[in-house]
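User: Please give me a close look at the largest pocket. How much space lies in it? Then follow the chain outward from there.

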Amino acid sequence: MRDISHAALLITGVFLLFPLWVSHRHQLGIAKEIALSSLRGAVQLVLIGYVIGYIFSIESWLLLALFILAMIVIAGLTSARRGKQYAHAFPIACAAILAAEAVSLAVWLTFHIIEPKAQYVLPMSGMIIGSSMTVASLTFERMLSEFQLTKPLILAKLALGASPRQACQELMENTIKAALIPNIESMKSLGLIHLPGMMTGAIIAGASPLIAVKYQLVILLTAMSTAAITAILVSFLAYRSFFRQKMF
C-alpha cells in the first residue's frame with residue numbers, strides 16, 4: 001500500500017476549515033466541538049498507531065479483558081457527556097455498552113467466528129463498542145427532547161392512573177426508533193451506496209471477496225443487534241431519572 005505524504009495529509013485537513021468557517025459565519029455553535037473532536041481523534045489515532053503492535057500481541061486474557069474494559073469505560077464517559085441531565089448517566093451507558101460487547105464476544109467465540117486472540121478480538125470489539133457508544137449518546141439526547149415535547153401527555157397519563165413505565169411507553173418507542181436510524185439506513189443502502197471499510201480493505205489487501213463479505217456481514221449484523229440492545233437498555237434505565245429528579 002502506498003504511503004501518504006505529510007503534505008497530502010495536511011491538505012485533507014484543510015477540508016475541515018470549511019465547516020468551521022460556516023459555523024463561525026452563521027453562528028451555528030459547532031465550530032469548537034468539531035475542531036476539538038477532530039484534534040482529539042487525530043492525536044489518539046497517532047498514539048495508538050505507535051503501540052498497536054504491542055496491543056495486538058497481548059496473550060494474557062486478563063490483560064485483554066482489562067483493555068476491553070478500559071475501552072468500555074472511555075466510551076461510557078463519552079456517552080455520559082450527552083446525558084448530563086440524567087442521574088447515573090455514566091453507569092447506565094457503561095452497563096448498556098458492556099452488555100452489547102458481552103453478547104457480541106459470546107457469539108463470536110462460541111461459534112468460532114473469530115480466533116480468541118487480541119489481534120482479532122480488539123479490532124472487532126472496538127467497532128461494536130464504538131457503535132454502541134454512538135447509539136447510547138443518541139438515546140440520551142433524543143429521550144430528553146422527546147420528554148420535553150411529551151411532558152403534558154405523560155402528566156395526563158399519570159393523572160389517569162398509569163405507572164411511570166406506562167406513561168413513558170410512547171416516549172421510549174420514539175427514542176429507540178430515532179437512535180437506530182443511522183444503523184437501519186446504513187443497512188438499507190449496504191452494497192448500493194455504502195461500501196463498508198472492513199470489506200473494502202480486506203479485498204484490497206488480497207482477501208477473497210466472499211470471505212471479506214462474510215466478515216463484514218458478521219460485523220454489521222452484530223452491530224445492528226447490539227445497537228438495538230444498547231438503545232433499549234439505555235432508554236429503560238434512563239427514563240426513571242425524569243421521576244427521581246422531579247423534572248416535571
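Analyst: First, the term. On a 1 Å grid over the protein atoms alone, a pocket is an open set of points with protein on both sides within 12 Å along at least five of seven lines. A residue counts as lining if it has an atom within 4 Å of a point. Points are joined across faces, edges and corners, and the volume is the space filled by probe spheres set on them.

This is a predicted model, in which local features need pLDDT of at least 70 and side-chain atom pairs count only at pLDDT 80 or more, while totals for chains, interfaces and linings use all residues. Residues are numbered from 1 along each chain as its sequence is written, and side-chain values use heavy atoms, with hydrogens and water left out.

Now the pocket. The largest one holds about 1200 Å³ of space. Its lining has 28 residues. Arg-40, Gln-44, Ile-74, Thr-78 and Met-133 lie nearest the centre. By class, the lining splits into 16 nonpolar, 8 polar and 4 charged residues. Here Ala, Val, Leu, Ile, Met, Phe, Trp, Tyr, Cys and Pro count as nonpolar; Asp, Glu, Lys and Arg count as charged; the others, Gly among them, count as polar.

Which elements build the wall? Helix H3 (31-56), H4 and H6 each supply at least two residues of the lining. H3 gives the most, with 11 residues. Helices here are DSSP runs of H or I with at least four residues, strands are E runs of at least two, and both are numbered from the N terminus.

Step back to the fold. The protein chain has 12 helices and 0 strands. Its C-alpha atoms fill a box of roughly 65 × 55 × 35 Å along the principal axes. Of its 248 residues, 31% count as buried. Buried means under 20% relative accessible area, exposed means over 50%, and partly exposed is in between (1.4 Å probe, protein chains only).

Take H4 next. The helix spans residues 61-80 and gives 6 residues to a nonpolar surface patch, the largest share. The patch members are Tyr-54, Leu-62, Leu-63, Leu-66, Leu-69, Val-73, Leu-77 and Phe-90. Together they have about 740 Å² of accessible area, by the Shrake-Rupley method with a 1.4 Å probe and only the protein chains shown as cover. To join such a patch, a residue needs over 30% relative accessible area and no salt bridge, and nonpolar side chains (Val, Leu, Ile, Met, Phe, Trp, Tyr) are joined within 5 Å; like charges are joined within 9 Å. Leu-66 sits in H4. Leu-66 counts as partly exposed because its relative accessibility is 48%.

H6 is another pocket wall, and salt bridges involve it too. Side chains of opposite charge can pair when their charged atoms come close. The cut-off for a salt bridge is a side-chain nitrogen of Lys or Arg within 4 Å of a carboxyl oxygen of Asp or Glu. The structure holds 6 of them.

Glu-141 pairs with Arg-82, with the closest N and O atoms 3.1 Å apart. This pair ties together distant parts of the chain: Glu-141 is in helix H6, and Arg-82 is in the loop between H4 and helix H5 (89-110), 59 residues apart. Glu-141 is partly exposed, at 41% relative accessible area. Arg-82 is partly exposed as well, at 35%. Glu-33 joins Arg-82 and Glu-141 in a network of salt bridges.

A second bridge joins Glu-146 and Arg-142, at 3.0 Å from N to O. Both lie in helix H6, 4 residues apart, about one turn of the helix. Glu-146 counts as buried because its relative accessibility is 8%. Arg-142 is partly exposed, at 34%.

Finally, the closed space. A cavity is a set of points where a 1.4 Å probe fits but cannot get out. The search finds 1 cavity of 30 Å³ or more, with a volume of about 30 Å³. Thr-150, Leu-153, Ile-154, Lys-157, Ala-167, Glu-170 and Leu-171 line it. H6 (118-159) and helix H8 (169-179) each supply at least two of these residues. H6 has the largest share, 4 residues. The cavity lining has 4 nonpolar, 1 polar and 2 charged residues. H6 therefore turns up in the lining of the pocket and in that of the cavity, where helices are DSSP runs as set out above.
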